[in-house]
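Work through the exercises below with the sequence and the model side by side, and try each task before you read its solution.

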Amino acid sequence: FLYFIGTAGKGEVETVNNLSVRNLGAMTSAASSDAVKPKASVNQHTFAGQTAGALSTLCFYPLDVIKMRFMAQDGTAVRAHNGAMSYRHVLPTLRIIATDEGPMALL
């Protein structure tokens, strides 16, 4: 990405590296000293990290439970769910676990 900070006025043409570029006046460098962003405090970083960790656990742990159920079934009658039924697809497995064992079995 190239940012142009030139002396040309708005609408004037400026030559940079043998290229003619129209300076629109609004293009400034994000790394310039004029665009200093305030830093977040330690408490904000801590809260953001804890929130991200909690949300990722709530979203992806049920998928880990389903993955472990798929890996644990080996075709024997002991590991078969409700007799001869086995887990085959993600959404039906999610429904079976939630209805038979309750939603907390996914967490």
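Helices (H or I, at least four residues) and strands (E, at least two) are DSSP runs, numbered from the N terminus. This is a predicted model, in which local features need pLDDT of at least 70 and side-chain atom pairs count only at pLDDT 80 or more, while totals for chains, interfaces and linings use all residues. Residues are numbered from 1 along each chain as its sequence is written, and side-chain values use heavy atoms, with hydrogens and water left out.

**Exercise 1.** Find where confidence is lowest and where it is highest in the chain.

Solution. Begin with pLDDT, the predictor's confidence in each residue, from 0 to 100. Its mean over the chain is 75, and 58% of the residues reach 70 or more. Next, compare the elements: strand S1 (residues 13–16) has the lowest mean, 53, whereas helix H1 (residues 42–72) has the highest, 93. Where pLDDT is low, the predicted coordinates should not be read in detail.

**Exercise 2.** Decide how the buried residues of H2 are placed around its axis.

Solution. First list the buried residues (under 20% relative accessible area, with exposed over 50%, by a 1.4 Å probe and protein chains only): in H2 they are Thr93, Ile96 and Ile97. These residues lie on the same side of H2, because they cover an arc of only 95° around the axis, taken from the directions from the helix axis to the C-beta atoms. Then turn to the other side of H2, where Leu91, Arg95 and Thr99 are exposed. Finally, note that the buried residues of H2 pack against H1, with contact meaning heavy atoms within 4.5 Å.

**Exercise 3.** Identify the residue just after H2 that takes a positive phi.

Solution. Step past the end of H2 to Gly102, whose phi is about 95°.
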